[in-house]
Amino acid sequence: MHNATEMGNYLNQQLKDNPIVKEIRYKGLMFGIELKIPCAPFRNQLLKDFRILTGNASCPNTLRILPALNISKKELDVFISAFKTLSRLHYKKEEVNQSRKTVLT
């Protein structure tokens with residue numbers, strides 16, 4: 001259980017300041033990452049481009065993560081890198097959409 005707590009804290013530290021993350025709820029390695037954008041396209045792209053399977057939640061903006069309790073920091077870094085790569089892409093799309101809305105109103 002020590003590994004789950006340590007790796008959970010590490011993952012939280014790595015993702016908490018991400019611009020598309022609204023809120024992170026976690027206990028050990030059970031994570032609910034609420035995004036500022038709908039997470040379905042994000043989840044699909046994680047699976048398609050990086051072969052990372054994530055769970056869904058009742059909230060359409062929440063990405064559910066439940067890795068094995070013995071996951072290593074190196075394995076978490078693969079997820080973190082993929083998450084940051086996709087978040088930069090989706091954040092830029094969201095900025096463009098927001099600027100379009102501003103121009104149209």
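Trainee: What makes the span of H2 agree with its number of residues?

Mentor: A helix is expected to span 1.5 Å times one less than its number of residues. H2 has 12 residues and should therefore span 16 Å; its end C-alpha atoms are 16 Å apart, which agrees. The model is a predicted one, in which local features need pLDDT of at least 70 and side-chain atom pairs count only at pLDDT 80 or more, while totals for chains, interfaces and linings use all residues. Residues are numbered from 1 along each chain as its sequence is written, and side-chain values use heavy atoms, with hydrogens and water left out.

Trainee: What makes a stretch a helix or a strand?

Mentor: Both are DSSP runs, numbered from the N terminus: a helix is H or I over at least four residues, a strand is E over at least two. H2 covers residues 39-50, and Arg51, just after H2, takes a positive phi of about 55 degrees.

Trainee: Which residues of H2 are buried, and where do they lie around the axis?

Mentor: Cys39, Phe42, Gln45 and Leu46 are buried, meaning under 20% relative accessible area (exposed is over 50%, partly exposed in between, with a 1.4 Å probe and protein chains only). The arc is taken from the directions from the helix axis to the C-beta atoms. These residues cover only 120 degrees, which puts them on the same side of H2.

Trainee: Why are E3 and E4 called paired?

Mentor: Two strands pair if DSSP finds at least two bridges between them. Two bridges join E3 to E4 (residues 62-65), so the condition is met; the two strands run antiparallel. In one of the bridges, Asn56 has Leu63 of E4 as its partner.

Trainee: What is the order of the sheet, and which strands are at its edges?

Mentor: The sheet is open, with four strands in the order E1-E2-E4-E3 and antiparallel pairing. Strand E1 (21-27) and strand E3 (55-56) are the edges, as each pairs on one side only. Helix H1 (residues 2-15) packs on the sheet and touches E1 and strand E2 (30-35), where contact means heavy atoms within 4.5 Å.

Trainee: Why is Asn12 called buried?

Mentor: Its relative accessible area is 12%, so Asn12 falls under the limit and counts as buried. Asn12 lies in helix H1 and touches Ile24, Tyr26 and Phe31, not counting residues up to four places away in sequence.

Trainee: How do you know that Lys22 and Glu34 form a salt bridge?

Mentor: The term requires a side-chain nitrogen of Lys or Arg within 4 Å of a carboxyl oxygen of Asp or Glu. The closest N and O atoms of Lys22 and Glu34 are 3.8 Å apart, so the pair qualifies. Lys22 is in strand E1 and Glu34 in strand E2, 12 residues apart.

Trainee: Are these two residues buried or exposed?

Mentor: Lys22, at 58% relative accessibility, counts as exposed, whereas Glu34, at 14%, counts as buried.

Trainee: How many salt bridges are there, and which residues form a network?

Mentor: The whole structure has three salt bridges. Glu23 meets Arg25 at 3.0 Å, N to O, and Arg25 meets Glu34 at 3.2 Å. Lys22, Glu23, Arg25 and Glu34 are thus linked in a network. Glu23, at 37% relative accessible area, is partly exposed, and Arg25, at 35%, is partly exposed too.

How values were computed. Axes fitted to C-alpha atoms, helices over the stretch in contact; angles between N-to-C directions.
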